[in-house]
Amino acid sequence: MSAEYTRETWLKPIPLDFDAHSLLHRIASARLAGHELDRRRPPTKLHLVADRERFNIEIRPILHSSPTGWTIYNIEAKLVTSVNAKTEIKVRILPDCALHLMRWQRDDARTGAAVDLVTETLRRFVDDPKRAIAFGALNCGFCGRALTDPRSIEWGIGPECRAQFEQAIRLDELMMDTDRAAANGSIGEGDEQGMFAKNDSTEAPHA
């Protein structure tokens, strides 16, 4: 990377050695299920902590309205400061295991560090979605509503959104098991346990 800022530095796709797009697309699709025909744009943002002290990542699926309902067009992400949500960089997460930088800093070193932080956070999320989203937030990592229940705060996500989250993750695991089974000539067995502890029936929908 050149020490001198040049626009060309960030115009090419930045390759990843993992697929973040598929998982994020499935999660967004699970959240859209049943709301495709809503008049208002359904909430599909996802918030991840990149650096507890300084940065968060806001993942925003770009939705298009069509005669058959809302569809996912692209998936974008912003690295924002924890204090005032000022954008550090903005990227598009591509289906071919790459990032396309849409907004960056004039300081190449600062931009490079931000790209590394986004990449590391997405990798953690793909490797262990539950751990990546469980960051002790006071607001739901999915819908942004306030959390009050200690378990929800520990997980960083409310009960309603947890159900959608688990559904998407299980689908992803099932597809990976199917791929492995096809490659190995055997049938994989999915994990029957939920990613999160069983919800207390007395817990409010977004406590």
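Trainee: In this predicted model, is helix H1 largely enclosed or open, and why?

Mentor: Burial is judged residue by residue, with buried meaning under 20% relative accessible area. Nine of the twelve residues of H1 are buried, so the helix is largely enclosed by the rest of the structure. Among them are His 21, Leu 23, Leu 24 and Arg 26, and the list continues with Ile 27, Ala 28, Ala 30, Arg 31 and Leu 32.

Trainee: How many ångströms should H1 span?

Mentor: At 1.5 Å a residue, the twelve residues of H1, residues 21–32, should span 16 Å. The end C-alpha atoms are 16 Å apart, which agrees. After H1 comes Gly 34, with a positive phi near 85°.

Trainee: Where is empty space left, and which residues line the largest cavity?

Mentor: A probe the size of a water molecule, rolled over the atoms, shows where empty space is left. Here the count comes to one cavity of 30 Å³ or more, and the largest cavity holds about 60 Å³ of space. Its lining consists of Leu 24, Ile 27, Ala 28, Arg 31, Thr 44, Leu 46, Ile 59, Pro 61 and Phe 142.

Trainee: Which element gives the most to that lining?

Mentor: H1 does, with four residues. In an α-helix there are 3.6 residues a turn, so residues three or four places apart point the same way. Both H1 and strand S3 (55–66) supply at least two lining residues. By class, the lining has seven nonpolar, one polar and one charged residues.

Trainee: Where is Ser 82 placed?

Mentor: Ser 82 lies in the loop between strand S4 (69–81) and strand S5 (87–94). Its relative accessible area is 31%, which makes Ser 82 partly exposed.

Terms used:
Residues are numbered from 1 along each chain as its sequence is written. This is a predicted model: local features need pLDDT of at least 70, side-chain atom pairs count only at pLDDT 80 or more; totals for chains, interfaces and linings use all residues. Side-chain values use heavy atoms; hydrogens and water are left out. The expected span of a helix is 1.5 Å times one less than its number of residues. Buried means under 20% relative accessible area, exposed over 50%, partly exposed in between (1.4 Å probe, protein chains only). On a 1 Å grid over the protein atoms alone, a cavity is a set of points where a 1.4 Å probe fits but cannot get out, and a pocket is an open set with protein on both sides within 12 Å along at least five of seven lines; lining residues have an atom within 4 Å of a point. Grid points are joined across faces, edges and corners, and a volume is the space filled by probe spheres set on the points. Ala, Val, Leu, Ile, Met, Phe, Trp, Tyr, Cys and Pro count as nonpolar, Asp, Glu, Lys and Arg as charged, and the others, Gly among them, as polar.
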